[in-house]
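Subject: Structure for you to look at

Hello,

Here is the structure I promised to pass on. Please open it first, then read my notes below.

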Amino acid sequence: MTPSAPEHERETTIFISWSGKKSRAFAEVLKPWLEQVLPKTDVWLSSEDIAKGTIWFSKIIDKLKECSCGVVCITRDNHLAPWIHFEAGGLIAGLGKSRVATILLDIGFGELQQPLNQFNGTGPDREGLFDLVKSFNNLSDRPIKPHVLDRTFDKF
């Protein structure tokens, strides 16, 4: 039996929520990018991380409970979608999340309704994504040093 990792070596787990083609396409690019920029981070995305034949609903519920933070990919087409609201609600339903953010792909923050307007929103631009990465990095017991994170962000 392998001993569990020391507290300082635990990974941050980010849950990415999406609904619809545009949101899914963005999420599928965001996942590997976040894993490169924040190498100690486990990024969970339903379209890639649920094995075929798995009861997907229970797997999503389990991940909503165990993740430490989340990103909700919002578009004009999905901002009223029940599934986005379900997952966003799951991220804030007292499950102890440290950070939840929305990435607004083609919609303004003022157009969002609850629960989506409760999260800090950002655009998919350099400034917004860098702020998001810094925020997630700060959750780690051993965050990447700012100058290293800056270079890594620029590289990827």
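Two strands pair if DSSP finds at least two bridges between them. Strands β1 (residues 12-17) and β2 are joined by five bridges and run parallel. One thing to keep in mind throughout: this is a predicted model.

**Overall layout**

The protein chain has six helices and five strands. Along the sequence they follow the pattern β-α-β-α-α-β-α-β-β-α-α. Of the 156 residues in the chain, 44% are buried. Take the contacts between residues at least 6 apart in sequence: 68% of them join residues at least 24 apart.

**The β-α-β unit**

Start with β1, α1 and β2. Together they form a right-handed β-α-β unit. In the β1-β2 pairing, Ile14 has Val43 of β2 as its bridge partner. Strand β2 covers residues 41-45, and four of its five residues are buried.

Helix α1 spans residues 21-37, which is 17 residues. From first C-alpha to last, α1 reaches 24 Å, close to the 24 Å expected at 1.5 Å a residue. Which residues of α1 are buried? They are Ser23, Phe26, Ala27, Leu30, Lys31, Trp33, Leu34 and Val37. An α-helix has 3.6 residues a turn, so residues three or four places apart point the same way. The buried list includes Ser23, Phe26 and Leu30, so have a look at that side of α1 in the viewer.

**Ser17**

Ser17 sits in strand β1. Its relative accessible area is 0%, so Ser17 counts as buried. The side chain of Ser17 makes a polar contact with the side chain of Glu87, at 2.4 Å. Leaving aside residues up to four places away in sequence, Ser17 touches Ser23, Val71, Val72, Cys73, Ile84 and Glu87. One of these, Ser23, is also among the buried residues of α1.

**Cysteines**

How many disulfides does the structure hold? Zero. Cys67 is in no disulfide, and its nearest cysteine sulfur, that of Cys69, is 6.9 Å away. A disulfide needs the two sulfur atoms within 2.5 Å, so this pair does not qualify. Cys69 is likewise in no disulfide, with the sulfur of Cys67 as its nearest, at 6.9 Å. Cys67 has 4% relative accessibility and therefore counts as buried. Cys69 is buried too, with a relative accessible area of 0%.

Best wishes

Conventions: Residues numbered from 1 in each chain as written. Predicted model: local features only at pLDDT ≥ 70, side-chain atom pairs only at ≥ 80, totals over all residues. Heavy atoms only, no water. Helix = DSSP H or I, 4+ residues; strand = E, 2+ residues; numbered from the N terminus. Expected span 1.5 Å × (residues − 1). Buried < 20%, exposed > 50% of the residue type's maximum accessible area, 1.4 Å probe, protein only. Right-handed = clockwise from strand over helix to strand, strands pointing away. Polar contact = N/O pair within 3.5 Å; in protein donor to acceptor, adjacent residues only side chain to side chain. Contact = heavy atoms within 4.5 Å.
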